[in-house]
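Welcome! Here is a short tour of how some helices pack together and of the space enclosed among them. Please have a look at the sequence and the structure first.

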Amino acid sequence: MGEEWHQFYSSAYQGTYRNLHQPAVIIGGCFVVVALVLSILLIFQHLRSYTKPAEQKWIVAVLFMVPVYACQSIISLWNSRLSLACDILRSCYEAFALYSFGSYLVACLGGEEVVIELLENESRKQLSKPLLEGEDEKQWLQEKSLRNFFTRPCVLGKDLLRIEKSGLVQYMILKTVCAFLAFVLELFGVYGDGEFKWHYGYPYMAVVLNFSQMWALFCLVQFYNVTHGRLQSIKPLAKFISFKAIVFATWWQGVGIALLCSLGVWPKQGKFQTGLQDFLICIEMAIAAVAHVFVFSAEPYRFLPASEYEEVTTETTKAEVKLEEGDEEKPSVLETTETQIKAPGTSITESVQDIVREGGQHVVKDVVLTINQAIEPVERGVTKIQETFHQISVGSGKEEDTELVLEKQEHDHKNLTESEENLPGSLDLKKM
């Protein structure tokens, strides 16, 4: 009876999936077209007004998330056999986009050197009060410990930037490694996408990525909490929310669908899980593209300060207004002068080259730095273990040498006693 019910349920599911698949692809495709058109137009606007490369190369990287997510989701929805490959590519770019957003915030603050100076000034300001009250320097140094990253990040100074970058880079590395590991496990049939069973790799990787992702987000939030006052000009909260909605909402959405399917609320078949996730992402990317048009607008980069040009053409606007003074109306002229000028268009090819070259160098440098920071404690631990073994071996060697010396002294003393006993004088004394 149970087997017959299972066969009936499976056949009913297959029929429902076939009936819904084609309409879902068509509807999802329409949303994907909207997302692609809006995102590509916005990216081209930034490339044409590429007046602040330090900021805009990271904006373009963040904006490119929507086309990547949308294309991979519609391809996976159209052909479920390509879902794993699409998910790997999407995961890799998701991690890079999170790193790009953190780098964008640093660039908006003026670069790493300016951020370090800002954080150090903020740290000295926060720690100056305890020092004035007579606390010693040792306690001041203890204030700059990792514990305060959770409670008082503003006292960490330049270490806050180091922790923030390490948190983002570790997620980028882990996400990429786990994506390719999932592909290898799938080849051996032990990945089990969406299956929360101990003999599959999916639940373990989900736990690792969950902690890694939450740590990266927490690092970004702590950095934002300290620097948000200097970032008000770019409206960081709206940018942060729109970016977080793409990266983290889609992740938790996939985990939630997998949990509901594993609990039997929805069908457990893999096609349904991946199909539903891809269909929802297609819709969400269209919404995200509309939000990006307003949040990451290229309008502020179309104008440059007049000081960057030798010749400035000012535009003066006059308007006549009437002022009432008692019962009489006196005409007056209101004059406004605009000194901001339109920046010249930039070459899209040069803009793309700068993004690839400069952005790539920046990523490689931070990845190498993070790996070195991760290896450094291990090297210190190995060195300490080697020193401990060396001290133990030297100590045991000294003990052995001491024992040999004592044995030799005892042996010499015994020989001396025997030689004295064999002397003639000693024999005569004994007879007497």
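## How α9 and α10 cross

In this predicted model, α9 passes α10 in a left-handed crossing. To find the pair, look for residues 202-227, which form α9, and residues 236-262, which form α10. Two packed helices are described by the angle between their axes and the distance between the axes. Here the angle is about 165° and the axes lie 12 Å apart. Angles over 145 degrees count as roughly antiparallel, so α9 is roughly antiparallel to α10.

Which residues of α9 and α10 make the contact? From α9 come Y202, A206, L209, N210, Q213, M214, L217, L220, V221 and Y224. They meet P236, L237, F240, K244, V247, F248, W251, W252, V255 and A258 of α10. Sorted by class, this contact of α9 with α10 has 17 nonpolar residues, two polar and one charged.

## α10 also packs against α4

Next comes α4, which covers residues 83-108. The axes of α4 and α10 are 10 Å apart, and the packing angle is about 165°. The two helices are therefore roughly antiparallel to each other. As for the handedness, α4 passes α10 in a left-handed crossing.

On the α4 side you can pick out E94, A97, L98, F101 and Y104. Their partners in α10 are K239, F240, F243, V247 and F248. Of the residues in this contact of α4 with α10, eight are nonpolar, none is polar and two are charged. Try following F240 on your screen: this α10 residue takes part in the contact with α9 and also in the contact with α4.

## A cavity lined by several helices

How many cavities of 30 Å³ or more does a search of the whole structure find? There are two, and the largest has a volume of about 580 Å³. Its lining is made up of 31 residues, and those closest to the centre are D87, R90, D193, Y202 and W251. You have met two of these names already: Y202 of α9 and W251 of α10 belong to the contact between those helices.

The elements that give two or more residues to the lining of the largest cavity are α3 (65-78), α4, α8 (158-187), α9, α10 and α11 (270-295). Which of the elements gives the most? That is α4, with seven residues. By class, the lining of the largest cavity divides into 16 nonpolar, nine polar and six charged residues.

Key: Residues are numbered from 1 along each chain as its sequence is written. This is a predicted model: local features need pLDDT of at least 70, side-chain atom pairs count only at pLDDT 80 or more; totals for chains, interfaces and linings use all residues. Side-chain values use heavy atoms; hydrogens and water are left out. Axes are lines fitted to C-alpha atoms, for helices over the stretch in contact, and angles run from 0 to 180 degrees between N-to-C directions. Helices (H or I, at least four residues) and strands (E, at least two) are DSSP runs, numbered from the N terminus. Angles under 35 degrees count as roughly parallel, over 145 as roughly antiparallel, 65 to 115 as roughly perpendicular and the rest as oblique. A crossing is left-handed if the near helix is turned anticlockwise from the far one by less than a right angle, and right-handed if clockwise. Contact means heavy atoms within 4.5 Å. Ala, Val, Leu, Ile, Met, Phe, Trp, Tyr, Cys and Pro count as nonpolar, Asp, Glu, Lys and Arg as charged, and the others, Gly among them, as polar. On a 1 Å grid over the protein atoms alone, a cavity is a set of points where a 1.4 Å probe fits but cannot get out, and a pocket is an open set with protein on both sides within 12 Å along at least five of seven lines; lining residues have an atom within 4 Å of a point. Grid points are joined across faces, edges and corners, and a volume is the space filled by probe spheres set on the points.
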